[in-house]
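User: I'm new to this one and keep tripping over the labels. Could you walk me through them?
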Amino acid sequence: MSQSTAAEDRLVAPGGSAGLIETFRRHYLLSLIVKKEVGIRYRGSVLGWLWSYVKPLIQFLVFYFALGMFMGMNDRIDFYPIYLLSGITITTFFNESFANGTRSLIDNAALIKKIYFPRQMFPLASTLVAAVNTLPQIVVVIVIALFFGWAPTMAQVAAIFVGLIIIALLATGLGMLFGAVNVTFRDAQSFVEIIVMISVWASPVMYQWEMVASKVPDWLFQLYMLNPITIAVELFHYGLWAPLDPHLTPGDAASGAAALLPDLWLHSLIALIVSVVVVIVGELVFRKLEGRFAQDL
């Protein structure tokens, strides 16, 4: 093959790229964006990263006294503040990454209109930034759980990572989908705010999944179980709350009031598949609409 032919093979259409895959190839640029966003979050703050540890600790104290003691939830579910805080931690990861991913293209409009690089980098960076901000919260929950006798198995540690992966995939896919639509139709951002608002209540964070199973038809409960956030919350419950009862396994009850979801790993596999499908759909819609970004921004 001649040199000219080889050069032609490397040519692509202007603005063309491998999409999300290209984003990982330019990981150095991705890391710069993540560092910039993390730096902005704590710019001008005296305590800086300490706030990421203080806030979940204050949350735990509020849950322990206000909900656990005064409202009697500690009597219904053992270690209820940890049960609640572990669920809130993973939903907060979703809410932050999804909401920021939806706004990411508009927030970086000036950069998008000046130079070309894979625009999927912005929703992905939003997910990574949210992950960085979530890690201190997980650390706080782990420290609190250790204080109360946390002794997890390898399966329970794996559950935490699987829960994070499910949410990372789901939030990135939805961030690309709604972020792309939001460039042209700003109503998408308001719709996302509604989703974020109800996400805590659409998964077993404040309540137990058994309450849903006992109140709705079976088909509706199965639809509820297809929500990857529901499964991620239960994985965090299994990883961070269940080890406080060494005999508790998926399907078993704690104090007769709360139980871990049966067939948790099967549901986790389904949640992973759903999240991957969301990423694929988000990528397809993103690539379909990105030709209009510079014009609409």
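User: How many salt bridges does a search of the whole structure find?

Analyst: Just one salt bridge turns up. This is a predicted model, where local features need pLDDT of at least 70, side-chain atom pairs count only at pLDDT 80 or more, and totals for chains, interfaces and linings use all residues. Residues are numbered from 1 along each chain as its sequence is written, and side-chain values use heavy atoms, with hydrogens and water left out.

User: What makes Glu 283 and Arg 287 a salt bridge?

Analyst: The term asks for a side-chain nitrogen of Lys or Arg within 4 Å of a carboxyl oxygen of Asp or Glu. For Glu 283 and Arg 287 the N to O distance is 3.8 Å, so the pair qualifies. Both sit in helix 14, four residues apart, about one turn of the helix. (A helix here is a DSSP run of H or I, at least four residues, numbered from the N terminus.)

User: Why is Glu 283 called buried?

Analyst: Buried means under 20% relative accessible area, exposed means over 50%, and partly exposed is in between (1.4 Å probe, protein chains only). Glu 283 has 11%, so it is buried. Arg 287 has 41%, so it counts as partly exposed.

User: And why is Ile 270 called partly exposed?

Analyst: Ile 270, also in helix 14, has a relative accessibility of 34%, so it falls in between the two cut-offs.

User: How do you know that the span of helix 10 agrees with what is expected?

Analyst: The expected span is 1.5 Å times one less than the number of residues. With 13 residues (187-199), helix 10 should span 18 Å, and its end C-alpha atoms are 19 Å apart, which agrees.

User: Which residues of helix 10 are buried, and how do you know that they line one face?

Analyst: They are Ala 188, Val 192, Val 196 and Ser 199. Seen down the axis of helix 10, these buried residues fall within an arc of 80 degrees, so they line one face of the helix. That arc is taken from the directions from the helix axis to the C-beta atoms. On the other side of helix 10, Asp 187 and Met 197 are exposed.

User: What covers the buried residues of helix 10?

Analyst: The cover includes helix 6 (80-107), helix 9 (154-184) and helix 13 (228-241).

User: How much of the chain is buried?

Analyst: Buried residues make up 47% of the 297 residues in the chain.

Methods. Contact means heavy atoms within 4.5 Å.
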